[in-house]
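Here are some short exercises to work through with the structure open beside you. Try each task yourself before reading its solution.

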2 protein chains.
Amino acid sequence: MYQMKCTKCGGVAVVNMPQHRLKLCNEHFVEWFPDHVARTIHRHDMFQEGDRILVAVSGGKDSLALWAVLQQLGHITEGVHIHLGIDHESYSDRSQEHVEAFAEKHGLSFQVVNVAETYGHGVPALAKTTRGHRMCSACGLVKRHIMNRIAYEGEYAAIATGHNCDDEAAILMQNTLHWQADYLRRQAPVLPQVHPRLARKVKPLCRTYERDVAAYALVCGIDYIQQECPFSAKAQTLFYKEILNKLERHSPATKQRFYVTYLKAKEEGLFAEVTKEDRVYNTCSRCGQPTLAGDLCSFCRLWEAMP
Amino acid sequence: MYQMKCTKCGGVAVVNMPQHRLKLCNEHFVEWFPDHVARTIHRHDMFQEGDRILVAVSGGKDSLALWAVLQQLGHITEGVHIHLGIDHESYSDRSQEHVEAFAEKHGLSFQVVNVAETYGHGVPALAKTTRGHRMCSACGLVKRHIMNRIAYEGEYAAIATGHNCDDEAAILMQNTLHWQADYLRRQAPVLPQVHPRLARKVKPLCRTYERDVAAYALVCGIDYIQQECPFSAKAQTLFYKEILNKLERHSPATKQRFYVTYLKAKEEGLFAEVTKEDRVYNTCSRCGQPTLAGDLCSFCRLWEAMP
């Protein structure tokens with residue numbers, strides 16, 4: 001039987017990463033993974049030593065692996081978990097339990113924002129009652145609002161999210177298939193802080209394949225929630241991920257190339273810069289967060305619309 | 001059994017074109033198709049009444065359908081067929097026969113350039129002996145060179161090729177997956193004349209799905225060569241077409257949206273303009289065509305390299 005050999009030691013390789021021209025054994029993979037994330041952090045100047053990082057932890061493999069790695073790399077982290085109020089198969093309760101167990105095991109601290117307890121309704125009820133917002137977009141809006149609030153209140157230097165290369169490539173494909181100029185100009189490993197109350201956002205796993213994050217979680221014994229969000233089955237991004245994996249099978253490293261050559265082309269000035277007037281933010285009269293809309297921010301308008 | 005109804009007359013529809021929000025019966029499809037091509041010609045200002053158009057005819061469905069439609073629309077056309085010297089299953093001979101039969105049936109005139117007779121070797125021999133050129137790129141180079149020459153010698157206003165929407169979307173996908181800035185800036189329904197000896201190129205079928213071109217060829221009784229080029233099986237574009245058709249099945253009109261929103265985004269200034277110095281062309285010392293390379297153009301260098 002053919003056995004892959006570890007590129008570093010010649011031992012039995014357990015992961016094959018053609019996009020990095022590496023096959024690694026268990027030991028070298030566990031060594032390589034945090035280094036690789038550290039290089040991504042450094043390459044995109046995500047944050048400095050001593051910065052306090054707020055890690056958005058859902059309880060899934062990506063965010064828990066990210067948290068583990070940041071901790072291991074010596075960064076100062078605290079977690080924030082948003083309990084979305086998704087009752088189906090106790091999805092939200094179980095997600096939170098995974099975060100709790102992980103934090104306890106690793107001696108990490110985190111806070112929970114329970115959407116229903118804090119604001120009166122969970123995300124499914126919110127998305128159901130308010131028209132014009134589909135579940136995923138309402139959920140995204142709620143999460144962004146809460147993360148910005150927590151980061152501002154806690155004076156964190158940045159919010160780190162677990163978006164991996166597959167996530168980023170799928171979003172890029174979606175934006176490319178529709179040639180959405182604004183999104184194509186904006187998508188990046190780092191979204192800079194544009195307002196004191198709109199935090200800097202960083203994606204340290206953006207150059208790491210989903211499969212490799214899963215492998216890392218597995219070999220490190222990270223116990224994450226394996227169930228997908230019950231509302232995600234119809235999500236477009238899953239379809240685009242499938243397409244990208246088909247491309248990847250046909251031509252290994254395609255996902256990485258697609259994302260990385262995009263970043264490079266952008267850096268080299270492919271897209272024309274838009275000379276916008278400086279954005280003038282209003283302050284939401286209800287929550288105090290900045291908004292480009294009128295008196296109320298989109299988040300508060302969402303709640304206003306509730307019966 | 002469910003029968004589609006013609007959007008125009010309520011009769012039995014034979015084609016369904018969700019990208020145009022149309023289902024059409026045989027009669028209305030035959031009426032609609034040339035109109036649709038005429039709108040594309042007009043929209044992109046491809047050529048004017050009275051212009052002499054050189055149609056590049058391979059003998060396949062796209063180029064023959066294009067030729068038929070241009071003729072029907074009253075444009076002045078002449079064909080050029082390039083016999084590539086592909087012997088496998090007499091592919092090139094049979095292609096030429098299809099062109100001959102079509103031209104005779106429709107009273108159209110055309111000329112043949114036989115690569116082997118004119119230059120000493122067919123394209124397969126050329127591509128095989130010269131390194132660094134794969135078959136399809138060598139073939140493309142040869143065809144471009146010959147078409148430019150014929151268009152210049154015959155003083156045609158433009159060369160029309162049969163590239164359909166699937167072709168354009170596949171090339172766009174290829175360019176996007178690698179974020180090839182030059183190609184992304186350049187791809188267009190019209191490539192303007194940049195030098196007296198480098199002809200204007202137009203693609204009147206660029207907004208028409210391949211399937212609909214095939215349907216048109218079928219209902220009009222156009223007898224085209226159905227065999228694909230024996231070297232195209234491995235062509236990347238076929239794989240990208242397959243991917244795009246998968247996207248299309250998942251979300252109808254995706255191919256068109258991908259291509260058309262790209263054109264729109266480009267028109268609206270998504271890409272930064274490159275301030276290049278004016279291109280200074282050398283004149284190839286062998287063939288007299290302009291070249292950005294040194295003494296010999298790429299075409300002549302290809303032949304120079306032959307033993």
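**Exercise 1: From the edge into the sheet**

In this predicted model, L191(B) stands opposite K201(B) in β8(B). Starting from this pair, find how many bridges join β7(B) to strand β8 of chain B, and which strands stand at the edges of the sheet.

*Solution.*
- Step 1: Look at the two strands around the pair. β7(B) and β8(B) (residues 201–202) are joined by 2 bridges and run antiparallel.
- Step 2: Place them in the whole sheet. It is open, has 6 strands in the order β5-β4-β3-β6-β8-β7 (chain B), and its pairing is mixed.
- Step 3: Read off the ends. β5 and β7 (190–191) of chain B are the edge strands; each has a single partner strand, so one side of each lacks a neighbour in the sheet.

**Exercise 2: Around β4(B)**

Work out which strands are joined to β4(B) by bridges, and where the chain crosses between them.

*Solution.*
- Step 1: Begin with β3(B) (residues 52–56). 5 bridges join this strand to β4(B), and the two run parallel. One place to look is L54(B), which stands opposite E78(B).
- Step 2: Follow the chain from β3(B) to β4(B). The path goes through helix α2 (residues 61–72) of chain B, making a right-handed β-α-β crossover.
- Step 3: Turn to β5(B) (residues 110–114). This strand is also parallel to β4(B), with 5 bridges between them; here N114(B) is the bridge partner of H83(B).
- Step 4: Follow the chain onward. From β4(B), helix α3 (residues 91–106) of chain B leads to β5(B), and this β-α-β crossover is right-handed.
- Step 5: See where the helices lie. α2(B) packs on the sheet and touches β3, β4 and β6 (158–160) of chain B, while α3(B) lies across β4 and β5 of chain B.
- Step 6: Check burial. In β4(B) (residues 76–83), 6 of the 8 residues are buried, so the strand is largely enclosed by the rest of the structure.

**Exercise 3: Two chains together**

Find how many residues of chain B are in contact with chain A, and how the two copies are related.

*Solution.*
- Step 1: Count the contacts. 21 residues of chain B are in contact with 21 residues of chain A.
- Step 2: Find the helix that gives the most to this side of chain B. That is α11(B), with 6 residues.
- Step 3: Sort by class. This side of chain B has 12 nonpolar, 6 polar and 3 charged residues.
- Step 4: Superpose the copies. A turn of 180 degrees and a shift of 0.0 Å along the axis lay chain B on chain A with an RMSD of 0.0 Å. The copies are therefore related as by a two-fold rotation axis.

Conventions:
Residues numbered from 1 in each chain as written. Chains lettered and ligands numbered in written order. Predicted model: local features only at pLDDT ≥ 70, side-chain atom pairs only at ≥ 80, totals over all residues. Contact = placed C-beta atoms within 7 Å. Helix = DSSP H or I, 4+ residues; strand = E, 2+ residues; numbered from the N terminus. Nonpolar A, V, L, I, M, F, W, Y, C, P; charged D, E, K, R; others polar. Buried ≥ 20, exposed ≤ 12 C-beta atoms within 10 Å, placed from the backbone. Pairing = 2+ DSSP bridges. Right-handed = clockwise from strand over helix to strand, strands pointing away. Least-squares fit on C-alpha atoms with pLDDT ≥ 70 in both. Axes fitted to C-alpha atoms, helices over the stretch in contact; angles between N-to-C directions.
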